Amino acid sequence: MSSNFSNPTLAVVADRENDACWSCGDMRAAQFCKSCGKVQPARPADFFAFFGLPKKLNLDVAKLEREFYLLSRKLHPDVYAQAREEEREWSLEQSSRLNDAYRTLKDPIKRTQYLLHLEGIELEEQSKNATEKARATGEIKKQVVPPELLEEVFELNMQLEEARMNKKAGENDASLVTEIQKQKQNLEIKLEELSSELSGYWNDWDAALDADSETARIQARDKMVDLLNRRNYIRNLVRDVNEVLES
Amino acid sequence: MADREIIIGIDLGTTNSLVAFMSGDAPAVIPGEDGVNLVPSVVALDEKNQIIVGNAARKYLIETPDRAVYSIKRLMGRGVDDVQEELKLFPFQLADDLQPGEVVRIRLGEKTFTPPEISAFILRQLKRNAERFFGAPVTKAVITVPAYFNDAQRQATKDAGRIAGLDVLRLVNEPTAASLAYGLDKKENGIVAVYDLGGGTFDVSILKLHDGIFEVIATNGDTHLGGDDIDNLLIRIALDDIRGDLGLDVSRNGEAVATIRKAVIEAKIALSSQESIKLDIDLPGDKRYRREITREQFEQLIQPIIDRTVGPCKQALKDAGLKPEQIDEVVLVGGSTRIPKVRALVKDLFQREPHIDLNPDEVVALGAAVQANILSGGSTATENMLLLDVTPLSLGIEVAGGVTDKIILRNSTIPASASQHYTTQVDGQTNVAIHVLQGERELAKDCRSLARFDLKGIPPMAAGMPRIEVKFLIDANGILQVSAREQRSGKQAEIEVQPSYGLTDEQVEGMILDSFDNAEEDFRQRQVIEAGNEADTILAALEKGKKSPAWGELTTEEKKTIARLEKMLVEVKTGNDYQAIRKSIDELNQATIRLAELMMDSAVTTALKGQNMDESNADEGPTAPHPMAKAEFK
């Protein structure tokens, strides 16, 4: 491990106006020079802007992959292994940014969450970490139980608790396990339903952007927030179930 | 090769190490002085406290086990407190004065060395082999590491390179390197799984090949699983047998254990091609251990060990979001994949006949050479080739309640980064402590502690006001870099790095100097030996000269001078001053120029008389003009 004090981003903010390539003076593309191909210092940009994309949620993933490969060939540290220190720094910065952006945008859920984050919205802390954290600190965690699932969830939690007790006592209740597995299947179906529901909101969002309608945009946004919170809740349940079934 | 500086590719293995380079369009392994490609990763300290590496060091494992070490890779990047398991299985002798939290030091005779230093001895040997091969200095290298190596293990490997005088341009994951070697001549698109079971580590990587881009999708493994474990199992069985059948406990007899180890390794290797093998080992007290092992028994014994590779393979597939039938090719790497049972297991797992076209012992080094070539600017063979690797383990930060908050997930393409924001809890607070972890577990105590950082020099503000952005970046070597900035004041925060397991920069610097000092000493010793050899040659030639007719033609004065200088050389030759020996050789050379000329003349005269050299002078032959080497008349 090493510490790294230099921060190329800072230096660049100052000459943001300057669009010339540092090496050949020609026009630079966002990350590399279109003329001589050299890596350029990073500029602050969100992941969509990094790929030159609008903040829309419907996205051609195959095209994104092609773009990712193309940019990797331009920006990867391997290409600058023998270059001077500064260029190696820029390449490291740019390629890490590229990888972070690609990883986020290629995944439908991460992409949606990231867009909502750009909109200033942080989702309810439904992560496993939040659960553990709450358990450890004794705080009460916010729960967003999808209303239509309230009953099922209640029952499943009881079953899981029973299964955990059985395990501790070294007992095995085959019918209980079958029951839990059936519940898990239901939850997985629910997750798939939510995914297709989500792509519907993507269309709403993208259309709102095209129509430049603030109201429609906020509507779509809030629906997605609600949906992702429900989805997170179910995913955590599935994780709990897997934990009980696997060990 | 143009005038570009040579970059070598090194496979620093648990059992064997190799060095390779790109020879035209194909990578090639550089053999050692003994003509052998594999350099055993064994380091010994001989009676004169000289470091011996490789094949020459192996005999010390048996003769003086307290002065030799093998499988040092197992201890790379580890602290005193987390090597206890290894100590039960391996005859590592730790230094007596180790403090908790300190980097382990291994005792060889009276000296102690850290694992990076011992690895550096191996690297230096490989560097020398390459330098001998090229006839030029080599200072840059790509070194391979197990894909599942954590930050500390990677850093320790990089340190070893630095100590050995190598600028390590890149650490490449072993299975990925292997795929580069395979991909070079295949150039096909598709999904490849690499199963790499070596001497001490196991890795599995799943890659997507796309027009020269080698994109790792998922990797998994176990950094303490390999052929060593099979050896240890067989040793334990033998020791139990000996105790039971012969009533002899040799488990504390280093020499006996080393002998048993050698025998069971040979048996293991033989069982890959034979159906059964007979062990026959001489033991202290004129006793003998004999046992026959069939392949079937062997396979039963090792089943639990090789079964441990199944979990990581399944996890990698799951992480990649792939089913076994979606894998197009399976590649086998590492000596342990020679075991038929391992091959059967892989075939079963991936439902595909695995590739074994390339030597599993060499393929990683060959791949390292390919990557070295890419880094040096590439060639027609490597044009368009680009490796996109991933981090094998999630990176996390300890948060309230001792919980790990994961900020970079495993299997993220590297370089990868994440920013975290921190603030203060008390008015005027100027420090914030951060604990960085690596691993998949939820609780900090179950993850690997990487380092503790102290953000210092935060401008005093009301609690909660400072906004400190800490940026964590995993570079292309899989090593973490950290930078921090207080966003309100724009002030760059100071970071004090305290690696949990590892050497500080100062320590590494000190070790480099040490090895330079040793290099100086090594150089001096070599010079003394070489000068001594030269002196012997000229003295022998002079003896012959004295018997030739030409000797009679010298003046008394000339003979006197030669005798004086000869006596002087004989004396000075016994000392350690190679410069004095050289000076003395030169003087004697000068004094014998006329003798040599006279000998030449008489040789030519004799030849002109039509006499056959062989008849006239038996095996002596004429002496060359100067220095007194044999002349060639053909």
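## A walk through chains A and B

The crossing of H7(A) and H8(A) is left-handed. We will come back to that pair of helices in a moment; keep in mind as you go that this is a predicted model.

**Stop 1: chain A as a whole.** Select chain A and colour it by secondary structure. You should find nine helices and one strand. Follow the chain from its N terminus and the order of elements is β-α-α-α-α-α-α-α-α-α. Chain A has 247 residues, and 43% of them count as buried. If you switch on a surface, its accessible area is about 13200 Å², with 50% belonging to carbon and sulfur atoms. Now think about contacts between residues at least 6 apart in the sequence of chain A: 65% of these join residues at least 24 apart.

**Stop 2: the helix pair.** Next, select residues 150–169 of chain A for helix H7, and residues 174–211 of chain A for helix H8. How do their axes cross? They come within 10 Å of each other and cross at roughly 140°. H7(A) and H8(A) are therefore oblique to each other.

Show the side chains where the two helices touch. On the H7(A) side, pick Glu152(A), Glu155(A), Leu156(A), Gln159(A), Leu160(A), Glu162(A), Ala163(A) and Asn166(A). Their partners in H8(A) are Leu176(A), Glu179(A), Ile180(A), Gln183(A), Asn186(A) and Leu187(A). Sorted by class, this contact between H7(A) and H8(A) holds six nonpolar, four polar and four charged residues.

**Stop 3: Leu191(A).** Stay in helix H8 of chain A and select Leu191(A), which belongs to that helix. Is Leu191(A) buried or exposed? Leu191(A) has a relative accessible area of 14%, so it is buried.

Which residues does Leu191(A) touch, leaving aside its neighbours within four places in sequence? Select Arg231(A), Ile234(A), Arg235(A) and Val238(A), and you have its contacts. For one of them, try the distance tool: the C-alpha atoms of Leu191(A) and Val238(A) are 9.8 Å apart, while 47 residues separate the two along the chain.

**Stop 4: chain B.** Finally, hide chain A and select chain B. Here you will meet 16 helices and 27 strands. Chain B has 634 residues, of which 54% count as buried. Its accessible surface comes to about 27800 Å², and carbon and sulfur atoms account for 49% of that. For chain B, take the contacts between residues at least 6 apart in sequence: 65% link residues at least 24 apart.

Definitions and conventions
Residues are numbered from 1 along each chain as its sequence is written. Chains are lettered from A and ligands numbered from 1 in the order in which they are written. This is a predicted model: local features need pLDDT of at least 70, side-chain atom pairs count only at pLDDT 80 or more; totals for chains, interfaces and linings use all residues. Side-chain values use heavy atoms; hydrogens and water are left out. Axes are lines fitted to C-alpha atoms, for helices over the stretch in contact, and angles run from 0 to 180 degrees between N-to-C directions. Helices (H or I, at least four residues) and strands (E, at least two) are DSSP runs, numbered from the N terminus. Angles under 35 degrees count as roughly parallel, over 145 as roughly antiparallel, 65 to 115 as roughly perpendicular and the rest as oblique. A crossing is left-handed if the near helix is turned anticlockwise from the far one by less than a right angle, and right-handed if clockwise. Contact means heavy atoms within 4.5 Å. Ala, Val, Leu, Ile, Met, Phe, Trp, Tyr, Cys and Pro count as nonpolar, Asp, Glu, Lys and Arg as charged, and the others, Gly among them, as polar. Buried means under 20% relative accessible area, exposed over 50%, partly exposed in between (1.4 Å probe, protein chains only). Accessible areas come from the Shrake-Rupley method with a 1.4 Å probe; for residues, only the protein chains shown count as cover.
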